[in-house]
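Work through the exercises below with the sequence and the model open side by side. Each task is followed by a solution in steps.

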Amino acid sequence: QVQLVESGGGLVQPGGSLRLSCSLSGSIVKINSMGWYRQVPGGQRELVAIISSSDTTNYADSVKGRFAISRDTAKNTVYLQMNSLKPEDTAVYYCNANVYYTIFRRSDYWGQGTQVTVDS
C-alpha cells in the first residue's frame with residue numbers, strides 16, 4: 001500500500017517562508033510525478049507545483065517566482081519551498097504522487113493534507 005506523509009505546514013507571517021515535505025512509502029515500480037495541490041474551504045483543489053520523473057517542473061501562475069518544487073529520488077521525497085508567502089496562499093496543501101504500481105498500471109495517491117496559514 002502506497003502512503004504519502006506530509007510535514008512542514010504551520011502559521012507564518014506575510015513575507016515569510018515555509019518548506020513542505022512529502023515522503024512516499026510502499027511498493028511501487030516507478031514514480032511518474034509528484035506534486036502539491038491546495039484547497040481552501042468551499043473551493044476546488046488546485047495544482048500548485050508538479051515535478052516529473054525527468055525533473056520537468058510546472059507551477060501555478062500565482063506561485064511562479066515564489067515557490068520551488070524539488071525532489072530527492074533516493075528518499076522518494078518531494079519538497080515545496082514557499083517564499084514571500086501571502087495571505088492568499090492560506091490553504092490545506094496536499095501531496096500527490098502518480099506512480100506505476102505495476103509495469104503497466106499507474107494510479108494517483110494523496111497525502112492527508114497539511115495546513116498552511118499566512119497571517120499577521
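The exercises cover the sheet, the nonpolar core, the salt bridges and the aromatic pair of this predicted model.

**Exercise 1. The open sheet**

Find the order of the four strands in the open sheet and state which strands stand at its edges.

Solution.
- Step 1. The strand order is 1-3-8-7, and the pairing is antiparallel.
- Step 2. Strand 1 (3-7) and strand 7 each have a single partner strand, so they stand at the edges and one side of each lacks a neighbour in the sheet.
- Step 3. On average, neighbouring strands of this sheet are turned by 15° against each other, direction ignored.
- Step 4. Between strand 3 and strand 8 the antiparallel pairing runs over six bridges. Within this sheet, Ser 21 stands opposite Tyr 79 of strand 8.

**Exercise 2. The largest nonpolar core**

Determine how many residues the largest nonpolar core has and which strand gives the most to it.

Solution.
- Step 1. The core has 30 residues. Those with the most contacts inside it are Met 34, Trp 36, Leu 80, Met 82 and Tyr 93.
- Step 2. Several strands supply at least two residues each, including strand 3 (18-25), strand 4 (30-39), strand 8 (77-82) and strand 9 (91-100).
- Step 3. Strand 9 gives the most, with five residues.
- Step 4. Take Leu 80 as an example. Leaving out residues up to four places away in sequence, Leu 80 touches Leu 18, Arg 19, Leu 20, Trp 36, Val 48, Ala 49, Phe 67, Ala 68, Ile 69 and Tyr 93.
- Step 5. For background, nonpolar side chains tend to be buried together in soluble globular proteins.

**Exercise 3. Salt bridges around Asp 89**

Work out which parts of the chain are tied together by the salt bridges of Asp 89 with Arg 38 and with Arg 66.

Solution.
- Step 1. The whole structure holds five salt bridges.
- Step 2. Asp 89 and Arg 38 meet through their side chains, at 3.0 Å from N to O. Because Asp 89 is in the loop between strand 8 and strand 9 while Arg 38 is in strand 4, this pair ties together parts 51 residues apart in sequence.
- Step 3. Arg 66 and Asp 89 also form a salt bridge, at 2.8 Å from N to O. Arg 66 belongs to the loop between strand 6 and strand 7, and Asp 89 to the loop between strand 8 and strand 9, so parts 23 residues apart are tied together.
- Step 4. Check burial against the cut-off of under 20% relative accessible area. Asp 89 at 1% is buried, Arg 38 at 7% is buried, and Arg 66 at 11% is buried.
- Step 5. Arg 38, Glu 46, Arg 66 and Asp 89 are linked in a network of salt bridges.

**Exercise 4. The salt bridge of Asp 55**

Decide whether Asp 55 and Arg 71 are buried, partly exposed or exposed.

Solution.
- Step 1. Asp 55 forms a salt bridge with Arg 71, with the closest N and O atoms 2.6 Å apart.
- Step 2. Asp 55 is in the loop between strand 5 and strand 6 (57-59), and Arg 71 is in strand 7, 16 residues apart.
- Step 3. Asp 55 has 47% relative accessibility and counts as partly exposed. Arg 71, at 28%, counts as partly exposed.

**Exercise 5. The aromatic pair**

Identify the one aromatic pair and describe its geometry.

Solution.
- Step 1. The pair is Tyr 37 with Trp 110, at 5.0 Å centre to centre and 70° between the planes.
- Step 2. Planes over 60 degrees apart count as edge-to-face, so this pair is edge-to-face.
- Step 3. Tyr 37 lies in strand 4 and Trp 110 in strand 10 (residues 106-110), 73 residues apart.
- Step 4. Tyr 37 is buried at 18% relative accessible area, whereas Trp 110 is partly exposed at 38%.

Notes: Residues numbered from 1 in each chain as written. Predicted model: local features only at pLDDT ≥ 70, side-chain atom pairs only at ≥ 80, totals over all residues. Heavy atoms only, no water. Core = buried A, V, L, I, M, F, W, Y, C linked by side-chain atoms within 4.5 Å. Buried < 20%, exposed > 50% of the residue type's maximum accessible area, 1.4 Å probe, protein only. Contact = heavy atoms within 4.5 Å. Salt bridge = Lys/Arg side-chain N within 4 Å of Asp/Glu carboxyl O. Pairing = 2+ DSSP bridges. Axes fitted to C-alpha atoms, helices over the stretch in contact; angles between N-to-C directions. Phe/Tyr/Trp six-rings, centres within 6.5 Å; stacked < 30°, edge-to-face > 60°.
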